[in-house]
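Biologist: Please take a close look at the pockets of this model, beginning with the one that ranks second by size. I should also like the residues that deserve individual description to be treated in the same answer.

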Amino acid sequence: MSVKEIRFPDGHCVPAIGQGTWYMGERNSDIAQEVRALRAGLDLGLTLIDTAEMYGDGGAERVVGQAIAGRRDEVFLVSKVYPQNAGGQKALTACENSLRRLKTAHLDLYLLHWRGGIPLAQTVDAMMWLQQDGKIARWGVSNLDVADLQELWSLTGGDACMTDQVLYHLASRGIEYDLLPWCRERRLPVMAYCPLAQAGKLRTGLMHHEAVQGIAAELGTSAAQVLLAWVIREPGVVAIPKASSLAHVKENAGALAITLSAEHLVALDRAFPAPLGKTALNSA
């Protein structure tokens, strides 16, 4: 299988599909299955695992900690800090708490989950302290739009940001108007959360849309695989779908080998057109 990869500004590469953990760790009855799914993903080469202190009030980090036990060296581990914790001593404490739940000494990437009241300059300072202390290897942001990134880049050390994680899927293409081009100019990867849309009518509509279904039938794949292949169709985007069952993990990994043709992309563009103007970032 030819595996698509994305490259961070420091040269480190990861597969273009990782494993998301939103809504994991919320029910004790699901934990064993969630752990098995994440481990299966590692077996299939999905070595990036994304989590956050917010998910399950730390429960998702505990699930990840169980899943990576004995396999930490295989994993590119990402977590996120609440905006109210993203500065000063609160940031150091939040990171240490995440590390404790994950049962690891360091994160490969630590993200500001979304922008809050703490000035970005204080967040940059906190990230630099955590790097110097060896608790994080890299840092980035999530849910920041172009104006926020421009402000970040104007700060001393702000251009050390390694990624912006945003919602992106076939029915939510707003980032293509200005955010995605801005990031590509700076070789800044974008991490796409909810690449299949969240559970609900929108996700169901995407999965069952005739254009998506037709391409899936032609390629002998699932609709979910078509949607994931679309998100990672060009360099610089990594998709992080939720990986809570063995079947879904295998399906996600299989999407790495799928290449959509120009005709497929035209059909999907016709069904879900790219934005013609600026739109606000979606978060759900």
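Modeller: In this predicted model, the lining of the second largest pocket divides by class into 7 nonpolar, 4 charged and 1 polar residue. The pocket encloses about 180 Å³ of space. Its lining consists of Glu 5, Ile 6, Arg 7, Phe 8 and Pro 9, together with Cys 183, Arg 184, Arg 187, Leu 188 and Pro 189, and with Pro 235 and Gly 236. Two elements, strand 1 (5-7) and helix 6 (179-185), each give two or more residues to this lining. Strand 1 gives the most, with 3 residues.

One of these lining residues, Arg 187, merits separate description. Arg 187 is placed in the loop that runs between helix 6 and strand 9 (190-193). Its phi is near 55 degrees, a positive value in a residue other than glycine. As a general matter, most residues other than glycine have a negative phi. Arg 187 has a relative accessible area of 70% and is therefore classed as exposed, since that class begins over 50%. Arg 187 thus combines a place in the pocket lining with an exposed position.

A positive phi is also found at Tyr 23, where the value is about 75 degrees although the residue is not a glycine. Tyr 23 belongs to the loop between strand 3 (19-20) and helix 1 (31-43). With a relative accessible area of 40%, Tyr 23 is partly exposed, because this value falls between the 20% and 50% limits.

The largest pocket has a volume of about 450 Å³. It is lined by 24 residues, and those nearest its centre are Cys 194, Ala 197, Arg 203, Pro 241 and Lys 242. By class, the lining of the largest pocket comprises 13 nonpolar, 7 polar and 4 charged residues. Helix 7 (201-208) and helix 10 (246-254) each supply at least two residues of that lining. The largest share comes from helix 10, which contributes 3 residues.

The loop between strand 10 (237-240) and helix 10 contains Ser 245. Ser 245 has a relative accessible area of 17% and so counts as buried, the limit for that class being under 20%. The side chain of Ser 245 reaches the backbone nitrogen of His 248 at a distance of 3.2 Å. When residues up to four places away in sequence are not counted, Ser 245 touches Gln 33 and Ala 37.

Finally, there is an annotated position to consider. According to an unreviewed UniProt entry, the annotation "active site" covers Tyr 55. Tyr 55 is located in the loop between strand 4 (48-50) and helix 2 (59-67). Its relative accessibility is 7%, and Tyr 55 is therefore buried, as the class requires a value under 20%. Leaving aside neighbours within four places in sequence, the residues in contact with Tyr 55 are Thr 21, Trp 22, Met 24, Asp 50, Ala 60, Lys 80, His 113 and Gln 165. Among these contacts, Trp 22 and Met 24 belong to the loop between strand 3 and helix 1 that also holds Tyr 23.

Technical notes: Residues numbered from 1 in each chain as written. Predicted model: local features only at pLDDT ≥ 70, side-chain atom pairs only at ≥ 80, totals over all residues. Heavy atoms only, no water. 1 Å grid on protein atoms, 1.4 Å probe; cavity = no way out; pocket = protein on both sides within 12 Å on 5 of 7 lines; lining within 4 Å. Points joined across faces, edges and corners; volume = space filled by probe spheres on them. Helix = DSSP H or I, 4+ residues; strand = E, 2+ residues; numbered from the N terminus. Nonpolar A, V, L, I, M, F, W, Y, C, P; charged D, E, K, R; others polar. Buried < 20%, exposed > 50% of the residue type's maximum accessible area, 1.4 Å probe, protein only. Polar contact = N/O pair within 3.5 Å; in protein donor to acceptor, adjacent residues only side chain to side chain. Contact = heavy atoms within 4.5 Å. UniProt positions renumbered as here; feature names shortened; annotations may be inferred.
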